[in-house]
Amino acid sequence: PLLIESPQARARVDRILVIDVPEYLQVERLGTRSRLAPDAALRLIRAQTSRRNRLQAADDVLVNAGTREDFARRVRHYALRLLEAAEKHLL
């Protein structure tokens, strides 16, 4: 969220990758991880840049709504795509 909120920070990067998750799942995970009640978790989430703003600022989006294994597979696939793109630009 801080990268998106700061124009100076945005100017220092080439791409922004947003890890997206539906709000209900974000509340659930934050509650589990930090032992927060749903209303407290929701207040923390809403104090940050909105999901809509993060998605609008994103060059790339990875959805993290499944299992850890599923997300790890998505990250590996994304990393390979970046490496391939970098190799094409370097040659």
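Analyst: Let's start with the cut-offs: buried means under 20% relative accessible area, exposed means over 50%, and partly exposed is in between. The model we are looking at is predicted.

User: Thanks! Why is Arg-74 called partly exposed?

Analyst: Its relative accessibility is 35%. Partly exposed covers the range between 20% and 50%, so Arg-74 counts as partly exposed.

User: And what makes Asp-70 buried?

Analyst: Asp-70 has 16% relative accessibility, and the limit for buried is under 20%, so Asp-70 counts as buried. Salt bridges that share partners also join Asp-70 with Arg-73 and Arg-74 in one network.

User: How do you know that Arg-74 and Asp-70 form a salt bridge?

Analyst: The closest N and O atoms of this pair are 3.2 Å apart. A salt bridge needs a side-chain nitrogen of Lys or Arg within 4 Å of a carboxyl oxygen of Asp or Glu, so the pair qualifies. Both residues sit in helix H6 (residues 68–90), and because they are four residues apart, about one helical turn separates them.

User: What makes Arg-43 and Asp-39 a salt bridge?

Analyst: Here the N to O distance is 3.6 Å, which is within 4 Å and therefore counts. These two residues share helix H4, where they are four residues apart, or about one turn. Arg-43 is exposed because its relative accessible area of 55% is over 50%. Asp-39, at 47%, is partly exposed.

User: How do you know that the salt bridge of Arg-46 and Glu-23 links distant parts of the chain?

Analyst: First the bridge itself: the side chains meet at 2.9 Å, N to O. The two residues are 23 residues apart, with Arg-46 in helix H4 (residues 38–46) and Glu-23 in helix H3 (residues 23–34). As for exposure, Arg-46 has 54% relative accessible area and is exposed, while Glu-23, at 30%, is partly exposed. The whole structure holds seven salt bridges.

User: Why does Arg-54 have no salt bridge?

Analyst: The nearest side chain of opposite charge is Asp-20, 5.3 Å away. The cut-off is within 4 Å, so that distance does not qualify. Arg-54, in helix H5 (residues 51–57), is nevertheless buried.

User: Which backbone oxygen lies 2.4 Å from a polar atom of the side chain of Arg-54?

Analyst: That one belongs to Thr-49. The distance is within the 3.5 Å used for a polar contact.

User: What about Asn-53, also in helix H5? Why is Asn-53 called partly exposed?

Analyst: Its relative accessible area is 37%, and that falls between 20% and 50%, hence the term.

User: What makes Val-61 eligible for a nonpolar surface patch?

Analyst: Val-61 has a relative accessible area of 39%, and patch members need over 30%, so Val-61 passes that test. Together with Leu-55 and Val-63, Val-61 forms a patch of about 190 Å² of accessible area.

User: How do you know that strands S1 and S2 pair?

Analyst: Four bridges join the two strands, which run parallel. Pairing needs at least two bridges, so the condition is met. Val-61 belongs to strand S2 (residues 60–63) and is the bridge partner of Val-18. In strand S1 (residues 17–20), Val-18 and Asp-20 make up the covered face, while Leu-17 and Ile-19 make up the uncovered one.

How values were computed. Residues numbered from 1 in each chain as written. Predicted model: local features only at pLDDT ≥ 70, side-chain atom pairs only at ≥ 80, totals over all residues. Heavy atoms only, no water. Patch = residues over 30% accessible without salt bridge, like charges linked within 9 Å, V, L, I, M, F, W, Y side chains within 5 Å. Areas by Shrake-Rupley, 256 points an atom, 1.4 Å probe, with all protein chains shown as cover. Buried < 20%, exposed > 50% of the residue type's maximum accessible area, 1.4 Å probe, protein only. Lys, Arg positive; Asp, Glu negative; His and termini not counted. Polar contact = N/O pair within 3.5 Å; in protein donor to acceptor, adjacent residues only side chain to side chain.
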